[in-house]
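Welcome! Here is a short guided look at a protein you may not have met before. Please take a moment with the sequence and the model, then read on.

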Amino acid sequence: MVHHEALVQLLSATPERPALVVESARFFAESLAAFDVSLRADVALREAKVAAENANSELESFSYSVAHDLRAPLRSIDGFSHALLEDCAEQLGDQGREYLKYIRESAQRMAQLIDDLLALSRVTRTEMHRVRVDMSMLARTVAEELQAADKHRAVTWTIQDGLWATGDARLLRAALENLLGNAWKFTGKHPEARIQFGALVDKHPIVYFVRDNGAGFDMTYKDKLFGVFQRLHSTDEFGLATVQRIVRRHSGRVRAEGETGRGASFYFTLEEETAAP
Ligand SMILES: Nc1ncnc2c1ncn2[C@@H]1O[C@H](COP(=O)(O)OP(=O)(O)OP(=O)(O)O)[C@@H](O)[C@H]1O
Ligand SMILES: [Mg+2]
């Protein structure tokens, strides 16, 4: 309506220059059409994003409840296998007992997998409580816990002081537990293991890193490390998938660098990248 009025005004203001009026009108119409197209694309994009988010959260609650409901029948399989072993051991014979042992081991492994999946799901589902977090202190606490669990291992820790972040303290602790826990685990065979926690403070947003001189990995698989169902070795590796979810919940990014036999570095941010690097 407003555009029509503007056109009428334009036409009446320049009656002696019809060619110019036609040209102006065409330009006006084309600009409007382009604006309309970009507006529609914008709306479509926003709608698609909302739909994807809804689908994602539905899928998340579906897997959560499936995993949750699988626990009870599993407990029953494990419980009755145990009862069978206890009460009917003689009738079963050696081979029967052996088979039952495998059944129980599988049931327990599956229960562990389900618990891990539920824990991973909770990372996405729980509410975030943003506070100022002393990352250096957090890293030191996690390092002390790892060291206390295995006092015989000599590891040189280097933890940069004064590193802070804004985020969910519990989730950030879980991320550091996984990253430092991995560094601890994958330097296990190194006679002079070194583990470092630090940050590239002149970057914006600040880039935190965990580095070690352990087993490292082949960079060909750098993106597969973070997926739950794209594992390198076994099927029950959840650590880095958890780290990635935590970092994403803070609008940050995580990436891995490594070389087989020469250690690994994991870099992460906890804020959205605003300016180009
Ligand atoms: N610091 C590291 N050095 C070398 N390889 C690593 C390191 N951290 C992770 N990886 C590789 O990435 C894989 C996935 O790591 P992730 O933490 O998800 O699993 P995991 O430690 O094997 O199992 P989980 O964390 O569930 O106990 C590891 O199995 C390993 O191959
Ligand atoms: Mg791990």
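Which residues are linked with Arg 173 in a network of salt bridges? The partners in that network are Glu 145 and Glu 177. A salt bridge here is a side-chain nitrogen of Lys or Arg within 4 Å of a carboxyl oxygen of Asp or Glu.

Before going further, a word on the ground rules. This is a predicted model, in which local features need pLDDT of at least 70 and side-chain atom pairs count only at pLDDT 80 or more, while totals for chains, interfaces and linings use all residues. Residues are numbered from 1 along each chain as its sequence is written, chains are lettered from A and ligands numbered from 1 in the order in which they are written, and side-chain values use heavy atoms, with hydrogens and water left out.

**The overall picture**

The protein has six helices and seven strands, where helices (H or I, at least four residues) and strands (E, at least two) are DSSP runs numbered from the N terminus. Reading from the N terminus, the order is α-α-α-β-α-β-β-α-β-β-α-β-β. Of the 277 residues, 31% are buried; buried means under 20% relative accessible area, exposed over 50%, and partly exposed in between (1.4 Å probe, protein chains only). Contacts count as heavy atoms within 4.5 Å. Among contacts with a separation of 6 or more, 68% join residues 24 or more positions apart.

**Inside the protein**

The largest nonpolar core has 41 residues. Such a core is a set of buried Ala, Val, Leu, Ile, Met, Phe, Trp, Tyr and Cys residues joined through side-chain atoms within 4.5 Å. Met 135, Leu 176, Phe 197, Tyr 208, Phe 266 and Phe 268 touch the most other members. Elements giving two or more residues to this core include helix H4 (135-149), helix H5 (169-186) and strand E7 (264-268). The largest share, eight residues, comes from H5. Another core, of six residues, lies apart from this one, and Tyr 64, Ala 67, Leu 74 and Ile 114 are among its members.

Helix H5 is also the place of Arg 173. With 24% relative accessibility, Arg 173 counts as partly exposed. Leaving out residues up to four places away in sequence, Arg 173 touches Leu 138, Thr 141 and Glu 145.

**Salt bridges**

The whole structure holds twelve salt bridges. Three of them are set out here.

| Acidic residue | Basic residue | Closest N to O |
|---|---|---|
| Asp 36 | Arg 40 | 3.1 Å |
| Asp 42 | Arg 46 | 2.9 Å |
| Asp 223 | Lys 222 | 3.7 Å |

Asp 36 and Arg 40 both sit in helix H2, four residues apart, which is about one turn of the helix. Asp 42 and Arg 46 are likewise four residues apart in helix H2. Asp 36 is partly exposed at 34% relative accessibility, whereas Arg 40 is exposed at 58%.

**On the surface**

Where does helix H2 (residues 18-87) appear again? Helix H2 supplies the largest share, four residues, of a nonpolar surface patch. The patch consists of Leu 59, Phe 62, Val 66, Leu 70 and Met 110, with about 460 Å² of accessible area together. Phe 62, found in helix H2, is exposed, with a relative accessible area of 54%.

Notes
Patches are made of residues with over 30% relative accessible area and no salt bridge: like charges are joined within 9 Å, nonpolar side chains (Val, Leu, Ile, Met, Phe, Trp, Tyr) within 5 Å. Accessible areas come from the Shrake-Rupley method with a 1.4 Å probe; for residues, only the protein chains shown count as cover.
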